[in-house]
Amino acid sequence: MSVSGSLETVTASFARKWWRALMANACALVEDADALAGRGSVGRAQAMLVLAMEELAKARWLYEAAEYEWRRPLGLYGLTPEPAGDVVVPEELRSRRLPHLTKLQTAEQYASGLGGFWDASRRTEFYQLRDLAAFEAVARQRNLDKQAGFYVDRDGDVILSPLEASGEGVQDLILLAAQTIEMLLIEDHTRQQDAPDGAPVDSSQDLHWAIMPLSHPQEFAEFVERSSMIDMASELDDPQLSEPDSVTYAEPPPPAASGEGSRDLRAGRLAEGSREANADAV
C-alpha cells in the first residue's frame with residue numbers, strides 16, 4: 001500500500017484478495033440470513049441482508065477500480081499480456097465512516113439492473129441505470145429495516161422488538177441479495193472466460209456455488225436431483241439415466257427500478273454471456 005497526496009494505491013493482487021473477502025462475506029451474510037429466517041428470527045435475518053448489500057456495494061466500487069489492472073495480465077482478445085499495475089483505492093473505501101445510506105444506494109442501483117441482465121428484451125435496464133439519488137428513499141428504508149432487526153425501540157406507547165418482526169418480504173430480499181451478488185460474480189467470470197490457455201485466471205466460481213442455492217433455489221434443487229440420478233445411474237450402469245438435462249434458469253422477478261446513466265461493460269460481452277457463464281458454473 002502507498003499514499004501519494006490524496007491518493008492511496010494497493011497492488012492488484014491485494015485488491016483481488018480484498019474483493020474476494022468482501023464477496024465471501026456478502027455470500028456468508030445471505031446464508032446466515034437464510035438460516036435465521038428458517039429459525040423464525042426474521043428481524044435478524046432482515047438486518048443481515050442489509051449488511052450483505054452494504055458489503056456488495058463496497059465490492060462493486062473496488063471491482064470497478066481494479067478491473068482494468070486485473071485484466072491486463074490475461075492477454076484477452078489477442079492483446080499482449082502485461083503486468084498488472086497498482087490500483088487506486090476508490091474514495092468511498094478510503095474512509096471508515098462512509099454513511100450507510102451511500103452504500104445502500106449503490107447496492108440498490110446495481111440491483112436495479114437485474115431484469116436487464118437476464119432478459120435481452122430489457123437490456124437497457126442493465127446498461128443504463130438511474131442516478132444514485134433515485135435510490136435514496138429505498139436506501140433509507142433498508143437502513144431502518146437493519147436497525148429494526150437489531151434493536152428494541154419505542155414509538156410512543158408502542159414497543160418495537162426485532163423478536164416480533166413480521167418477516168414480510170424477507171424471502172424476497174434473500175432472493176434479491178443473492179441474485180445481485182451472483183450478478184457481480186458472473187460479471188467477474190465472464191471477464192475472464194476468453195483468456196487463452198495458461199493465462200493467470202483467478203476464478204470466483206467457489207463463491208458462485210455458495211450463493212446459487214439461494215439465488216436460484218428451484219433450479220439448484222433440480223440440478224442436485226439430476227446429479228444424484230446420474231450418480232445412481234453410473235453405479236447401476238444405466239445409460240438412460242446418465243443423460244443430464246440441460247440447465248435452464250428461471251428469470252428473476254423484475255427489480256424495483258431501472259433507468260438512466262451508463263456503464264462500460266467492456267465491449268458488452270457480459271450481458272450476452274451471462275447465461276453461458278451460469279451454465280459453466282453448474
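## Exercises on a predicted model

In this predicted model, Gln 105 is buried, at a relative accessible area of 9%.

**Exercise 1.** Determine where Gln 105 lies, which residues surround it, and why it is classed as buried.

*Solution.* Begin with the secondary structure: Gln 105 belongs to helix 3, which spans residues 100–111. Next, list the contacts, setting aside residues up to four places away in sequence: Gln 105 touches Leu 132, Ala 133, Phe 135, Glu 136 and Ala 139. Finally, apply the cut-off: a residue counts as buried under 20% relative accessible area. Gln 105 has 9% and is therefore classed as buried.

**Exercise 2.** Establish the setting of Pro 162 and state whether this residue is buried or exposed.

*Solution.* Pro 162 sits in the loop that runs between strand 5 (158–160) and helix 7 (170–192). The relative accessible area of Pro 162 is 7%, so the residue is buried. Residues up to four places away in sequence being excluded, the contacts of Pro 162 are Gly 43, Arg 44, Ala 148, Gly 149, Phe 150, Tyr 151 and Val 152. As a distance check, the C-alpha atoms of Pro 162 and Lys 146 are 9.8 Å apart, with these positions 16 residues apart along the chain counted as their separation.

**Exercise 3.** Describe the largest nonpolar core and the contacts of Leu 184.

*Solution.* The core comprises 54 residues, and those touching the most other members are Trp 19, Met 23, Val 30, Leu 49, Ile 181, Leu 184 and Leu 185. Two or more residues each come from helix 1 (12–38), helix 2 (42–71), helix 3, helix 4 (114–118), helix 7 and helix 8 (205–215). Helix 2 gives the largest share, 15 residues. Turning to Leu 184, its contacts beyond four places in sequence are Trp 19, Met 23, Leu 56, Ala 59, Arg 60, Tyr 63 and Tyr 110. In soluble globular proteins, nonpolar side chains tend to be buried together.

**Exercise 4.** Characterise the backbone and the exposure of Tyr 77.

*Solution.* Tyr 77 is located in the loop between helix 2 and strand 3 (87–88). Its phi is near 55°, a positive value in a residue other than glycine. With a relative accessibility of 45%, Tyr 77 is partly exposed.

**Exercise 5.** Analyse the volume and lining of the largest pocket.

*Solution.* The largest pocket holds about 340 Å³ of space. Its lining has 18 residues; Leu 144, Gln 147, Ala 148, Tyr 151 and Leu 160 lie nearest the centre. Helix 2 and helix 6 (136–150) each contribute at least two lining residues, and helix 6 provides the largest share, five residues. By type, the lining consists of nine nonpolar, seven polar and two charged residues.

Terms used: Residues numbered from 1 in each chain as written. Predicted model: local features only at pLDDT ≥ 70, side-chain atom pairs only at ≥ 80, totals over all residues. Heavy atoms only, no water. Helix = DSSP H or I, 4+ residues; strand = E, 2+ residues; numbered from the N terminus. Buried < 20%, exposed > 50% of the residue type's maximum accessible area, 1.4 Å probe, protein only. Contact = heavy atoms within 4.5 Å. Core = buried A, V, L, I, M, F, W, Y, C linked by side-chain atoms within 4.5 Å. 1 Å grid on protein atoms, 1.4 Å probe; cavity = no way out; pocket = protein on both sides within 12 Å on 5 of 7 lines; lining within 4 Å. Points joined across faces, edges and corners; volume = space filled by probe spheres on them. Nonpolar A, V, L, I, M, F, W, Y, C, P; charged D, E, K, R; others polar.
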